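Open the model in your viewer and keep the selection box handy. We'll go stop by stop: pick the residues named, then look at what is around them.

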Amino acid sequence: MSSSSKYTSTPRFTFGSRRRWLWVLLLTALLHILLIVWGGRQFNAPLSVERRDRIVMTKIAALPPVEKPVLLPQEPKPQPKPSPRPRPVATAKPRPAPEPAVEVPDTPIRETVTPIVDAQPADAATADAAAGAAEAKPPMEHPGLAEPAKVTPAAGKHYQTSAPPSAELKYAVEALQKGQNYHGSGKITWQTDGGSYTINGEAGALFFTVLDFKSEGEFNGFGVAPITYTQKRFRKPATKTTFHRELNQIVFSSSDNKYPRSGGEQDRASVVWQLASIGRGDSSQFAPGAVIDLFVAGPLDAETWRMQIVGQEKIDVDGDQRAVWHVIRIPEPGSHEQRLDIWLSPQQEWYPVKLRFTETDGDYLDMSLSKLKQLDPNALN
């Protein structure tokens, strides 16, 4: 009995031992695999899968230099008339010191007085030479004033232009002034009979007219050619800028500045419609990155405005998405002039469907088209 019981217990012990060893081996193998993977990640062991680095080749093209704006020089102001030189005063020769008297006890000294005659200039020959040179120099027409230099400014560039037809454009106005937002309305009336034009514009917020302007002129080989420009800003006096045809000058009612005119000059109202005329005349003149330089006169001064064409954009125009051309004018660094953004719609005769005036302190005036009405071209006033 004892031998049989011993025989049956032996296989049971061996089978259980094998199962335990099998589990030990599996756990050991799993731990080794985990250890290998962990070590490969820690020490950056190379993987068996090959990875090829992607090389991106780019070609950098040099940008063309930006055309510099040409400023028309200002006419020199007349210099103040210098005071006439004082005539040289003849100076008398110094009297010689009296000789010490010598006492002669035996002979008396008789005192004599000799009259002194006025002396001539110290260098009479030099004075005569200067007088001769003055007579030989031709007299100036205006003594004391330097002869002004004759400056001929470069004429503006000729563009293919076609003015838009007469229309009344109403805008929704949003303004930011000193941290306060205002809403209002504005209107620009563009009227032309093909030979002359009139621009009347106003923008108001609440019950105040923020900006009121008017431009009148004609058309010539350069396109829109203003004659007078008046402007009235809120709480500021009205100003008038005149483009004199006879004098070939640009003059200002509130400034002594004067600029010669040679063609292509604009005012701050006509410049928008000159750009519209350029785009309507030949749309190929508008291209992303193109530059249009225009000499623009304001209420007090004038300078060359560099109009940069940003490109085509899609904006909401009175509830419809329109493809428009975005044009900007960024003043020179350090200037106190405002930035101007213009959006022109080729689908709507290149009318300005949006305008934005931004001051250097961040204040702005935004005008978005809300209604467009065609006008009779014969109703020009």
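**Stop 1: rings**

Start with the aromatic side chains, where the count comes to 9 aromatic pairs. A pair here means rings of Phe, Tyr or Trp (its six-membered ring) with centres within 6.5 Å; planes under 30 degrees apart are called stacked, over 60 edge-to-face, and the rest tilted. Select Phe252 and Tyr259 for an edge-to-face example, with 6.3 Å from centre to centre and 85° between the planes. Are these two buried or exposed? Phe252 is buried, at 7% relative accessible area, and Tyr259 is buried too, at 7%. (Buried means under 20% relative accessible area, exposed over 50%, partly exposed in between, using a 1.4 Å probe and protein chains only.)

Before moving on, a word on what you are viewing: this is a predicted model, in which local features need pLDDT of at least 70 and side-chain atom pairs count only at pLDDT 80 or more, while totals for chains, interfaces and linings use all residues. Residues are numbered from 1 along each chain as its sequence is written, and side-chain values use heavy atoms, with hydrogens and water left out.

Now select Trp190, Tyr197, Phe219, Trp273 and Tyr351 together: they form one aromatic cluster.

Next, look for charges over rings (NZ of Lys or CZ of Arg within 6 Å of the ring centre and within 35 degrees of the ring normal). Lys354 has its charged end over the ring of Trp343, 5.0 Å from the centre. With Arg356, the ring to show is Tyr364, whose face it lies over at 4.1 Å from the ring centre.

**Stop 2: the whole fold**

Zoom out and switch to cartoon view. You should find 3 helices and 15 strands, where helices (H or I, at least four residues) and strands (E, at least two) are DSSP runs numbered from the N terminus. The protein has 381 residues, and 30% of them count as buried. Contacts (heavy atoms within 4.5 Å) also say something about the chain: among those between residues at least 6 apart in sequence, 49% join residues at least 24 apart.

**Stop 3: the largest pocket**

Rolling a probe the size of a water molecule over the atoms shows where empty space is left. On a 1 Å grid over the protein atoms alone, a cavity is a set of points where a 1.4 Å probe fits but cannot get out, and a pocket is an open set with protein on both sides within 12 Å along at least five of seven lines; lining residues have an atom within 4 Å of a point. Points are joined across faces, edges and corners, and a volume is the space filled by probe spheres set on them.

The largest pocket holds about 1500 Å³ of space. To find its centre, select Val210, Arg233, Lys236, Gln338 and Glu359, the closest to it of the 48 lining residues. Which strand gives the largest share of the lining? That is β4 (residues 208-220), with 4 residues. By type, the lining has 30 nonpolar, 7 polar and 11 charged residues. (Ala, Val, Leu, Ile, Met, Phe, Trp, Tyr, Cys and Pro count as nonpolar, Asp, Glu, Lys and Arg as charged, and the others, Gly among them, as polar.)

**Stop 4: closed spaces**

How many cavities of 30 Å³ or more does the whole structure have? The search finds 2. The second largest has a volume of about 50 Å³; to see its lining, select Asn220, Ala225, Pro226, Phe243, Arg245, Arg261, Gly264 and Glu265.

**Stop 5: single residues**

Go to Glu168 in strand β1 (residues 167-177). Glu168 is buried, at 17% relative accessible area, and the residues it touches beyond four places away in sequence include Lys187, Ile188 and Lys371.

Pro288 sits in the loop between α3 (270-281) and β10 (291-297) and is exposed at 61%. Beyond its neighbours within four places in sequence, Pro288 contacts Ile309, Val310, Gly311 and Trp325.

Finish with two residues that have a positive phi without being glycine: Lys178, at about 55°, and Glu349, at about 60°. Lys178 is exposed at 73%, while Glu349 is partly exposed at 32%.
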